[in-house]
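Let's take a quick look at this chain, starting with the overall picture and then moving to its annotated stretch.

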Amino acid sequence: MRPSHWIIVILVVIIIFGAAKLPDIARSIGQSAKILKKEMRELQEEPPAPQTYDPNAVPPQPPTYNPNVPQAGAYDPNAGPAAPGSAPPGQVPPAGPPAPDQPQGT
């Protein structure tokens, strides 16, 4: 940005916030920057957690697919029709009149 752009930005800030609040704003920005620098310094000084290597460790295995176990959310062509007013797991049943075998609300 050119110096003339900075002058316009400063004038707009003075108009918006007023000259009386500018020292407070600058002070709070300075304190925030100081805290940020302090936290960044502490993160850089903190040594990383030591990583241990165990040559006998077994690496985690990916899950295997078993065609005899139904998968979550899978379509089951052998399943019968759903009961009235019921919904698949994780879904809310549709709003509507109660099923005939349910008593009316009092």
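Here is a short tour, from the whole chain down to one residue.

Keep in mind that this is a predicted model. The chain runs to 106 residues, and just 1% of them count as buried. Its accessible surface adds up to about 10600 Å², with 63% of that belonging to carbon and sulfur atoms. As for secondary structure, you'll find 2 helices and 0 strands.

Now for the N-terminal part. Helix α1 covers residues 3-17. With its 15 residues, α1 reaches 21 Å from first C-alpha to last, close to the 21 Å expected at 1.5 Å a residue. After α1 comes Gly18, and its phi is positive, near 90°.

What does UniProt list for residues 6-22? The unreviewed entry has them down as "transmembrane region". In the model, that span is 76% helix and 0% strand, and its end C-alpha atoms sit 16 Å apart.

The two stretches side by side:

| Stretch | Residues | C-alpha to C-alpha, end to end |
|---|---|---|
| Helix α1 | residues 3-17 | 21 Å |
| UniProt "transmembrane region" | residues 6-22 | 16 Å |

There's also a nonpolar patch on the surface, about 1200 Å² in area, whose members include Met1, Trp6, Ile7, Val9, Leu11, Ile14 and Phe17. Take Val9, one of the patch residues, which has its place in helix α1. Is Val9 buried or partly exposed? Val9 is partly exposed, because its relative accessible area is 36%, and that lies between the 20% and 50% cut-offs.

Definitions and conventions. Residues are numbered from 1 along each chain as its sequence is written. This is a predicted model: local features need pLDDT of at least 70, side-chain atom pairs count only at pLDDT 80 or more; totals for chains, interfaces and linings use all residues. Side-chain values use heavy atoms; hydrogens and water are left out. UniProt positions are given in the numbering used here, feature names are shortened, and annotations may be inferred rather than shown by experiment. Helices (H or I, at least four residues) and strands (E, at least two) are DSSP runs, numbered from the N terminus. Patches are made of residues with over 30% relative accessible area and no salt bridge: like charges are joined within 9 Å, nonpolar side chains (Val, Leu, Ile, Met, Phe, Trp, Tyr) within 5 Å. Accessible areas come from the Shrake-Rupley method with a 1.4 Å probe; for residues, only the protein chains shown count as cover. A salt bridge is a side-chain nitrogen of Lys or Arg within 4 Å of a carboxyl oxygen of Asp or Glu. Buried means under 20% relative accessible area, exposed over 50%, partly exposed in between (1.4 Å probe, protein chains only). The expected span of a helix is 1.5 Å times one less than its number of residues.
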